[in-house]
Amino acid sequence: MDDTRHISFVIPAYNCADTLAEAVESIYNGNFEDGDEVIVIDDASTDTTPKVIEGLRIAHPDLMVLTNEQNKGCPATRNVGIHAARNGLIFNLDADNILAPGSVAKLKTVLTEKNADVAAFSEYHYFKGSDKKVTHKWIYPYDTLTLADLLASHINPGPGGNFLYTKASWEKVGGYWEYGKGLHEAWGFTLKQLAHGARMVVPPHSYYLHRYGVNSLFDRESKELERSSLTATKMLEPFLDLLDTDDAAYIRSEEGSRTWFETLPVRPIRLASHTPGRTGYKTSRTSRMPGYTIARNILRRAMPRSLVHWLRAQRLMRAYRKDFSTFKTLSQAQGRGEPLWDDRRPELFDNTSTTPFDAHYIYHPAWAARVLHRTNPSLHIDISSTLTFSSILSAFIPVRFYDYRPAPLKLSNFESLHADLTALPFQDGSIASLSCMHTIEHIGLGRYGDPLDPNGDRTAIAELIRVLAPGGNLLFVTPVGKPRVRFNAHRIYSYRQIMEYFNGLELVEFSLLPDDISQGIVENASQAQSDAQNYGCGCFWFRKR
């Protein structure tokens, strides 16, 4: 029915016999309104959880109960429940957490008034024991959560997941990532929402009770060192183009992919816009020095499950201070002046055993250069590919580089000129050697100041085909995988779409950089390999018959 006046409360339940009833009753006692529904999904529990659910069904005949025949894991089970939900608002509640009376109504009011997509609690109150004694709190003192905030630290509403949102926003982002049993499922879902432009509001002084000291799913799933960052890396990969170039390369690197998430408090990830992110703080009931304790606890939170990497960050910062002092002494002794502490810019993680790189933008120019070495044209025309590729290629082959925003670059054998890909300034069939790489996916999205046009990419492709000479070669590169538009960053295409768009051209070669970049570029890849990617890099060599 998708009634946005009412809420569907969704609780995945797996081996939670000791806590489930208390969680469900916290909905009915002070948070349930007429028209709402409660959905419990038994994820093939092996303890007495099914008996507890039967007891709850007797107490609450309107309770909807779903059962997985096989264990699917928490995120997949959550998707099952939301898919069955009849209301347009969804509230997630973990089976070991408790809602304070009236707390969800506060979220609903703010979500409605602000016309938001997601509403989250501003505080987690961690408790132990039957007396609900609060041991500590996480507090996020801002009224909205942005993507920059999510990537600045761990202390924000994103990792908690017990929040209210529209079912439409869940559908828009494709639901929860279904990676494993559920490590970072809430953080990953928040990332999806914010990266797709969702508005997430956080009403002040709102909270829920988070059970502390139990063997939770998150604790079980995150015990392996490095697994936490690697899982988060997999979730962030589709959105790396939204990040600062250096940070995106760091996350793609072998070292960064294994450490970046756990070291966020000492190395926050920056957006391409460099908008600073905000972070919350942790409080302790026994604190005698609140400011000191909060700062100390923020640092401690950096790596509770991956202490090796957290200690490495601390060691590197100590080494940095020591190196600064040593360099200052040497510089003074050699008459080179004194470096200022205010001018410091610590780069703690560049001392790596391997060089980090942006895989898409290293592999596809390398592929194209090898093709051009074989074809050896007398002149090559490039339309808006990476400028580095054209500038280096011009050392061996004369190149004309055309872009909507021409580059003021002066090199021999190289010209930089203006062109609109949707109306190229060339005669029909006039170009023998042409490339357009990692570009078409942007056309018509307005990202680079070009006009908005949902069919801009199709128009541009028609132009490439028009100007290509008979027997001419076209090197075309674009993201491949599940087809979708991620406005206003880029589009992702299926293999079949590209072949249909370039119908009439002969495919000479298809190479693929898969999501798993450790494989390197896969030559003569198949359609099935391409379509299995989330954000692969498809390299198509076409020839005009």
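## A tour from Arg78 outward

Start at Arg78: with a relative accessibility of 2%, this residue is buried. The model you have open is predicted.

**Stop 1: around Arg78.** Keep Arg78 selected and show its backbone. Arg78 sits in helix α3, which spans residues 74-84. Which residues does Arg78 touch, leaving aside those up to four places away in sequence? Select Val10, Pro12, Asn92, Leu93, Asp94, Tyr176 and Glu185. Two of these contacts, Asp94 and Glu185, belong on your screen as sticks.

**Stop 2: the cysteines.** Go to Cys74, in the residue range of α3. Cys74 is buried, at 16% relative accessible area. Zero disulfides are present in the structure. Cys74 is in none; the nearest cysteine sulfur belongs to Cys16, 9.7 Å away.

Now jump to Cys537. Why is there no bond between Cys537 and Cys539? Their sulfurs are 4.4 Å apart, which is too far for a bond, because a disulfide needs the two sulfur atoms within 2.5 Å. Cys539 holds the closest cysteine sulfur to that of Cys537. Cys537 is buried, with a relative accessible area of 1%.

**Stop 3: helix α9.** Select residues 227-236. This is helix α9, and it is mostly covered. How many of its ten residues are buried? Seven are. Colour them: Ser228, Ser229, Thr231, Ala232, Thr233, Met235 and Leu236. What covers them? Add α7 (185-195), α10 (245-252) and α11 (254-259), which are among the elements that cover the buried residues of α9. Glu185, met earlier as a contact of Arg78, falls in the residue range of α7.

**Stop 4: the whole chain.** Zoom out and switch to cartoon. The protein chain has 18 helices and 22 strands. Its radius of gyration is 27 Å, close to the 24 Å from the globule rule for 545 residues, so the chain is as compact as a globular protein of that length. Along the principal axes, the C-alpha atoms fill a box of roughly 80 × 70 × 40 Å.

Colour by burial next. Buried residues account for 53% of the 545. Then draw the contacts. Of those between residues at least 6 apart in sequence, 73% join residues at least 24 apart.

**Last stop: surface and charge.** Turn on the surface. The accessible area is about 25,300 Å², and carbon and sulfur atoms own 51% of it. Finish with the charged side chains: 60 are positive and 62 negative. The centres of the two sets lie 5 Å apart.

How values were computed
Residues are numbered from 1 along each chain as its sequence is written. Side-chain values use heavy atoms; hydrogens and water are left out. Helices (H or I, at least four residues) and strands (E, at least two) are DSSP runs, numbered from the N terminus. The radius of gyration is taken over C-alpha atoms; the globule rule is 2.2 Å times the number of residues to the power 0.38. Buried means under 20% relative accessible area, exposed over 50%, partly exposed in between (1.4 Å probe, protein chains only). Contact means heavy atoms within 4.5 Å. Accessible areas come from the Shrake-Rupley method with a 1.4 Å probe; for residues, only the protein chains shown count as cover. Lys and Arg count as positive and Asp and Glu as negative; His and the chain ends are not counted. The place of a charge is taken as NZ of Lys, CZ of Arg, CG of Asp or CD of Glu.
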